[in-house]
Amino acid sequence: MPTYVYAVTGADHPLPLHDLTGVGDPPTPLRALRADGLAAVAGDAPPGLRAKRRDVLAHQGVLEALMRDGATLPMRFGLVGPDDDEVVAALRREADVYRERLAELDGHVEYNLKAVRDEADLLREVVSDSAEIRQLNEQTRADEGDHDKRVALGEMVAREVTTRHQREADEVASRLAPAATRSHLADPGPQQFLNVSFLVPRTDADTFVAAVRQEADRRGDAYAFTLTGPLPPYSFV
Amino acid sequence: MTLVQQSNATAGGSGSGNLYDVLELILDRGLVIDAFVRVSLVGIEILKIDVRVVVASVDTYLRFAEACNRLDLESGRKAPSQLTEIVGDMTENGAKGKSKGVLGGAVEAISDSIQGKRDDAEEEPKKRSARKSASGRKAKGDEE
């Protein structure tokens, strides 16, 4: 029977597994596979498992519960080993690495910050900062038929938007970095200029959130920040 | 300023919570064990690539050009007396609304994909309602 793996923890983690709901319909029960001072939280892999919302939420729910009771290395969703013995063998193979990471991440949580800037606000800035863009904007506004000029305008604006997005992402990320242990900058999604995860000591979480709030305040009304956490440290394993 | 703080993906009454905001973390990060197989995420991976292609297309350029043409350049910078109007304008046509116009298709598509094929009863009947419940937590349901 293939084995679905949720997380790796230290052997001293209390692992309240009976309270947790695993992936699958009906959910498969969880069990701990132990080796070398580590435990893999696992369950039978449901046949035909895909990235459906219920199962992704179940995976996340198990990890959120585990992280409350001790250091937890979250597995990526959907990881399936051939059987329990192979999971135990994998724990043994990487035991040193896993123990080291558990020690590093102990007492830490992840916060993910995404930020968007009002597009009209940004475009207004782009247009007023460049005489060339302003001129093209006026020309294409007057003559809707000029396709090439419109493409040229759009391309210039797109380039400016990308540059400014990157600059603002760097600014925000570096301003918040001192309040966190580590950070992980990722590609922003559509609509966003910033997508960054921070590893934060649980005891400093309030200070970190206050720093984010301060930065959001400083940026003003044209910006919307979405801060999610505390999360299992997905970006730092 | 706007700061929406979300505790975690599974809390809250909406069921979907803010799963959408942490989806990439759950699907793309986290620990992997070499040689273990991964369940198929094919649809989701393809859509992520699509997002990047769309950003540098002529279609995007034309939409940016149109957005600039439509801009009221004066409203953002002058006359405090217009402040209320500006705020009103931003509420209607703000970042989420407008950039959704430029790139929203891909977002909708990913959102659709994560709901799977809706072959189990727990999942919500429509992707729109799922997005709304997620958005409602961010107090932007009025823009949907």
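A residue is called buried here if 20 or more other C-beta atoms lie within 10 Å of its own. With that in hand, and remembering throughout that this is a predicted model, select strand β8 (194-201) of chain A, which is mostly covered, with six of its eight residues buried.

**The sheet around β8(A)**

Widen the selection to the sheet that contains β8(A), where five strands lie in the order β7(A)-β8(A)-β6(A)-β9(A)-β1(B), forming an open sheet with mixed pairing. Now look at the two edges, which are β7 (182-185) of chain A and β1 (2-6) of chain B; each has a single partner strand, so one side of each is left without a neighbour in the sheet. Turning the view from one strand to the next, you will follow a twist that averages 20°.

Strands of a sheet pair through backbone hydrogen bonds, either parallel or antiparallel. To go through the pairings here, start again from β8(A): on one side β7(A) pairs with β8(A) in the antiparallel sense over four bridges, and a good place to put a label is His184(A), which stands opposite Ser197(A) in β8(A). On the other side, β6(A) runs antiparallel to β8(A) and is joined to it by eight bridges; select Leu113(A) and you will find Val196(A) of β8(A) opposite.

Next, move to strand β9 (residues 223-231) of chain A, which pairs with β1(B) in the parallel sense over five bridges. Thr226(A) is worth displaying together with Val4(B), its bridge partner in β1(B).

Then add helix α6 (residues 147-176) of chain A, which packs on the sheet and touches β6 (108-117), β7 and β8 of chain A, its direction making about 5° with that of β8(A).

**The two domains of chain A**

Colour chain A by its domain assignment, which gives domain 1 (3-106) and domain 2 (109-236). The centres of these two domains, taken over C-alpha atoms, are separated by 35 Å, and the contact between them involves six residues of domain 1 and five residues of domain 2. On the domain 1 side, select α1 (53-68) and β4 (72-74) of chain A, each of which supplies at least two residues of the side that touches domain 2; α1(A) provides the largest share, three residues. What is the chemical character of the residues on this side of domain 1? They divide into four nonpolar, one polar and one charged.

**Chain B**

Go on to helix α1 (residues 19-28) of chain B, which is mostly covered, eight of its 10 residues being buried. The buried residues to show are Leu19(B), Asp21(B), Val22(B), Leu23(B), Glu24(B), Leu25(B), Ile26(B) and Leu27(B). Following this helix is Gly30(B), whose phi is positive, near 80°.

**Where to read with care**

Finally, colour chain B by pLDDT: the chain averages 56, and 33% of the residues score at least 70. Among the elements of chain B, helix α3 (residues 58-70) has the highest mean pLDDT, 93, whereas helix α4 (residues 83-93) has the lowest, 29. Two stretches of chain B can be selected for their pLDDT below 50, namely residues 12-17, with 13 contacts in the model beyond near neighbours in sequence, and residues 77-144, with 93 such contacts. For the complex as a whole, the predictor gives an ipTM of 0.88 and a pTM of 0.78.

Technical notes: Residues are numbered from 1 along each chain as its sequence is written. Chains are lettered from A and ligands numbered from 1 in the order in which they are written. This is a predicted model: local features need pLDDT of at least 70, side-chain atom pairs count only at pLDDT 80 or more; totals for chains, interfaces and linings use all residues. Two strands pair if DSSP finds at least two bridges between them. Axes are lines fitted to C-alpha atoms, for helices over the stretch in contact, and angles run from 0 to 180 degrees between N-to-C directions. Two residues are in contact if their C-beta atoms, placed from the backbone, lie within 7 Å. Domain bounds come from an automatic or database domain assignment. Ala, Val, Leu, Ile, Met, Phe, Trp, Tyr, Cys and Pro count as nonpolar, Asp, Glu, Lys and Arg as charged, and the others, Gly among them, as polar. A residue is buried if 20 or more other C-beta atoms lie within 10 Å of its own, exposed if 12 or fewer, and partly exposed in between; C-beta atoms are placed from the backbone. pLDDT is the predictor's confidence in each residue, from 0 to 100.
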